[in-house]
Amino acid sequence: MSQERVIFGNTVDSLYLKTLDKDLSYDLRNELREMGMDLDGPLQAAYPHAVWVRCLDTVARALHPDRTLEEARRLLARRMIEGYAQTVMGAAVLTLARVLGPMRSLGRMTHNFRSGNNFTETRVTVVNPTTADLWFNEPSATEGFVEGVLEEGLHRIGVRGLTISRTRHDEDSCTYRLEWYDPSAR
């Protein structure tokens with residue numbers, strides 16, 4: 001039995017209401033409402049992944065028309081982490097991650113992402129003390145978004161000199177090679 005992929009309302013709140021609210025025009029808000037994401041009423045507990053992707057891409061194109069869609073998604077993801085950091089849960093997760101350090105935090109990515117959706121799975125392979133391969137069951141429909149989440153999240157916990165490269169395995173999975181130069185990172 002297959003469970004529908006959904007994005008939880010707290011994720012929508014972190015991106016759209018906590019950080020992008022003032023950037024969303026009346027027309028753009030109406031367009032999102034027509035797609036199934038009404039930001040002017042109470043948020044739903046969860047949104048179908050397909051609705052999330054359509055809305056994400058619409059906002060990405062509207063707010064970053066000079067960027068590729070992948071780059072625009074990455075920028076929106078960074079903004080989402082900015083909003084997530086303003087929530088009680090987000091502040092707690094980022095504080096714990098700072099204490100744990102990047103490597104141990106990467107090992108908790110499934111848990112962290114599952115606070116925002118019902119489907120993310122990850123596996124981390126340590127390459128050396130400042131390099132890891134992080135496998136995600138991320139669909140290609142949101143390419144760029146996970147990079148933005150990782151960049152902003154790791155930056156907020158003190159990682160410096162981060163580089164991320166992606167290897168797409170199929171439509172539903174990819175691996176990110178994360179490398180950073182902070183020798184004190186655990």
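How many cavities of 30 Å³ or more does the structure hold? I went looking and found one. Note to self: this is a predicted model.

**Entry 1: the cavity**

I looked up the space inside the largest cavity and got about 550 Å³. Its lining takes in 33 residues, and those closest to the centre are M80, I81, N112, F113 and V149.

Next I checked the chemistry of the lining. By class, the lining of the largest cavity has 19 nonpolar residues, 13 polar ones and one charged one.

Which helix gives the largest share of the lining? I found that α8 does, with six residues. I also wrote down the helices that each supply at least two lining residues:

- α1 (9–17) and α3 (49–63)
- α4 (69–84) and α5 (88–100)
- α7 (109–113) and α8 (145–156)

The domains came up here too. Domain 1 (6–69) and domain 2 (88–181) each give at least three residues to the lining of the largest cavity.

**Entry 2: the whole chain**

I stepped back to see what the protein chain is built from. I counted eight helices and six strands. Reading along the sequence, I got the pattern β-α-α-β-α-α-α-α-α-β-β-α-β-β. The radius of gyration of the protein chain is 16 Å, close to the 16 Å the globule rule gives for 186 residues, so the chain is as compact as a globular protein of that length.

I then drew a box around the C-alpha atoms along the principal axes, and they fill roughly 50 × 35 × 35 Å. Buried residues make up 51% of the 186 residues in the chain.

How much of the contact list links residues 24 or more positions apart? Looking at contacts with a separation of 6 or more, I found that such pairs account for 64%.

**Entry 3: two domains**

The domain assignment splits out domain 1 (6–69) and domain 2 (88–181). I looked up how far apart their centres are, and over C-alpha atoms the answer is 23 Å. The two do touch: ten residues of domain 1 are in contact with eleven residues of domain 2.

**Entry 4: T87**

I picked T87, which sits in the loop between α4 and α5. Is T87 buried or exposed? Its relative accessible area is 17%, and the cut-off for buried is under 20%, so T87 counts as buried.

I then asked what T87 touches. Not counting residues up to four places away in sequence, T87 touches S14 and K18. S14 is 73 residues from T87 along the chain, yet their C-alpha atoms are separated by 7.8 Å.

**Entry 5: Y47**

Last stop was Y47, in strand β2 (residues 46–48). I used the same cut-off, under 20% for buried. Y47 has a relative accessible area of 1%, so Y47 is buried.

Which residues is Y47 in contact with, leaving aside neighbours within four places in sequence? My list reads R5, V6, I7, G9, V12, G36 and M37. I took V12 from that list and checked the distance. Y47 and V12 are 35 residues apart in sequence and 8.6 Å apart in space, C-alpha to C-alpha.

**Recap**

My main find is one cavity of 30 Å³ or more, with about 550 Å³ of space in it. Both domain 1 and domain 2 help line that cavity, and α8 gives the largest share of the lining.

Conventions
Residues are numbered from 1 along each chain as its sequence is written. This is a predicted model: local features need pLDDT of at least 70, side-chain atom pairs count only at pLDDT 80 or more; totals for chains, interfaces and linings use all residues. Side-chain values use heavy atoms; hydrogens and water are left out. On a 1 Å grid over the protein atoms alone, a cavity is a set of points where a 1.4 Å probe fits but cannot get out, and a pocket is an open set with protein on both sides within 12 Å along at least five of seven lines; lining residues have an atom within 4 Å of a point. Grid points are joined across faces, edges and corners, and a volume is the space filled by probe spheres set on the points. Helices (H or I, at least four residues) and strands (E, at least two) are DSSP runs, numbered from the N terminus. Ala, Val, Leu, Ile, Met, Phe, Trp, Tyr, Cys and Pro count as nonpolar, Asp, Glu, Lys and Arg as charged, and the others, Gly among them, as polar. Domain bounds come from an automatic or database domain assignment. The radius of gyration is taken over C-alpha atoms; the globule rule is 2.2 Å times the number of residues to the power 0.38. Buried means under 20% relative accessible area, exposed over 50%, partly exposed in between (1.4 Å probe, protein chains only). Contact means heavy atoms within 4.5 Å.
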